[in-house]
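Trainee: I'd like to learn how to read a fold, starting with the sheet. Can you walk me through it?

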Amino acid sequence: MRKRKKNVVIENIAIEDFAAEGKCVAKHEGKVIFVDHAAPGDVVDLQLTKSRKSFSEARITNFHGYSDLRIEPFCSHYGVCGGCKWQHLDYKSQLYYKTKQVRDNFEHLGKFEYPEILEAIGSEKTRYYRNKLEFTFSAARWLTVEEIREGTEQDRRGLGFHIPKHYNKVINVDHCYLQSDPSNEIRLGLAQFARENDLPFFDYRVEDGLLRNLMIRTSTTSDVMVLVQFFRNDKKEVKMVMEYLENAFPQITSLNYVINGKGNDSFHDLEVKLYSGKPYIEEQMEGLTFRVGPKSFYQTNSDQAYVLYKKTREFAELQGDETVYDLYTGTGTIANFVAKQASKVVGIEYVEEAIEDAKLNSELNGVENTTFYAGDMKKMLTRELFEKHGKPDVIITDPPRAGMDKEVVEMLLRVEANRIVYVSCNPATQARDLTLLDEKYKVVKVQPVDMFPHTHHIENVVQLELRKDA
């Protein structure tokens, strides 16, 4: 180990494994070191970027040997852009480590027995699999190391993604492998049109500019939604942008905009204005049609969402006469998906707009055995609700990353449904909740499902059955 200008460099150290948040881990003098963009089996030099009592963080400065798991990253923005951090790993290895992530969380954070964890179900598409992306305009984009070295005058206007840990830094994206056409064409075309017409890109330093954000949604039915966020309501320039998009990209079926002068890009509390086309796009799944509006939530990998929902329905083991409660139902996608196999489905969700979407989706598909409520889950799951709609035979729960509130888990233990299907996007909080449920429930099946290739994220479906002695 040597020091250079107070920066500690550790030489010739082996990368051992993956850890939390997709980082790799090495060990030196009894301390754990977390490293980005590494692979187990790499032998590297590390420069420490952060040092704490129990761990450090570091970046790779030199390679002495490369892992056998490595492949050549396919994207020119790899290593700078915050997405697709695992594209240097072959996909089979990605699935192995995602499955291991579930196992490690259950083993180290959970206190319950569980069966063999099935291998993660991979996504048939590993590129162009997302149906929604949001891009940010910046008047002072992030310059790459190569651009800085060139030293020439750079056009600092950019349209792309935020740099990790830097909300005000944006990398200009030339080509994104996450969403299929016409996504790239629309982004590049709008950015070029804005430059040619000197339309101001948003400046985070002074919080001013015209163009702020671009959201593109695509669907399996070939619908395309575009939503442009403008920081200020300059009617002439807004119309210029929207006319350009309408004329240049006739494949856009839903063209929208919003005026957002707030301190952040969130627009769920703002009025979305339809410029042309329909105010929604449509997704289809097993004969069901789902309308997706600008503010609607829908799983961002449409094809793999079908795989996830089929596994959820399989684990529910519905016979047709059950009362099902779908907690954190969102826009009611799972509720409507399982309704034909159940007697009644009750969906509960915090976001009122999502519940309105859920009701609309039931009506659109002629599903008459669903009921939806909006409200805080802790307050909605009451004895009165169960008395009105009946005790649940099966509970499906798909909470946010934070997992379920303790009060919700306690209510599930009291109501004693025969079966619970727990869908999670965070195996760590899922392990915590399963430990609490272990008082009365046994984990029977565990199936990870990969929704996000080239990232460390993994969905996990768990089937629990009420213990006979509960």
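Trainee: In what order do the seven strands of the open sheet lie?

Mentor: Keep in mind that this is a predicted model. To read a sheet, go from strand to neighbouring strand. Here the order runs E10-E9-E8-E11-E12-E13-E14, and the pairing is mixed.

Trainee: Which strands are at the edges?

Mentor: Look for strands that pair on one side only: here those are E10 (166-172) and E14 (273-277). From one strand to the next, the twist averages 30 degrees.

Trainee: In what sense do E9 and E10 pair, and over how many bridges?

Mentor: Strand E9, residues 158-163, pairs with E10 in the antiparallel sense, over four bridges. Take His162 as an example: its bridge partner in E10 is Val170.

Trainee: And which strands does helix H3 touch?

Mentor: For a helix on a sheet, check its contacts, then its direction. H3 (residues 183-196) packs against E8, E9, E10, E11 and E12, and its direction makes about 160 degrees with that of E11. Helix H4 (residues 235-248) lies across E11, E12, E13 and E14, running at about 160 degrees to E13.

Trainee: Which residues touch the most other members of the largest nonpolar core?

Mentor: In that core of 75 residues, they are Leu211, Leu214, Val226, Phe230 and Leu245. Strand E12 (residues 224-230) gives the core its largest share, six residues. As for Leu211, its contacts farther than four places away in sequence include Phe137, Ala194, Val228 and Val241. Another core, of 37 residues, lies apart from the largest one, with Met404, Val408, Tyr422 and Tyr441 among its members.

Notes: Residues numbered from 1 in each chain as written. Predicted model: local features only at pLDDT ≥ 70, side-chain atom pairs only at ≥ 80, totals over all residues. Heavy atoms only, no water. Core = buried A, V, L, I, M, F, W, Y, C linked by side-chain atoms within 4.5 Å. Buried < 20%, exposed > 50% of the residue type's maximum accessible area, 1.4 Å probe, protein only. Helix = DSSP H or I, 4+ residues; strand = E, 2+ residues; numbered from the N terminus. Contact = heavy atoms within 4.5 Å. Pairing = 2+ DSSP bridges. Axes fitted to C-alpha atoms, helices over the stretch in contact; angles between N-to-C directions.
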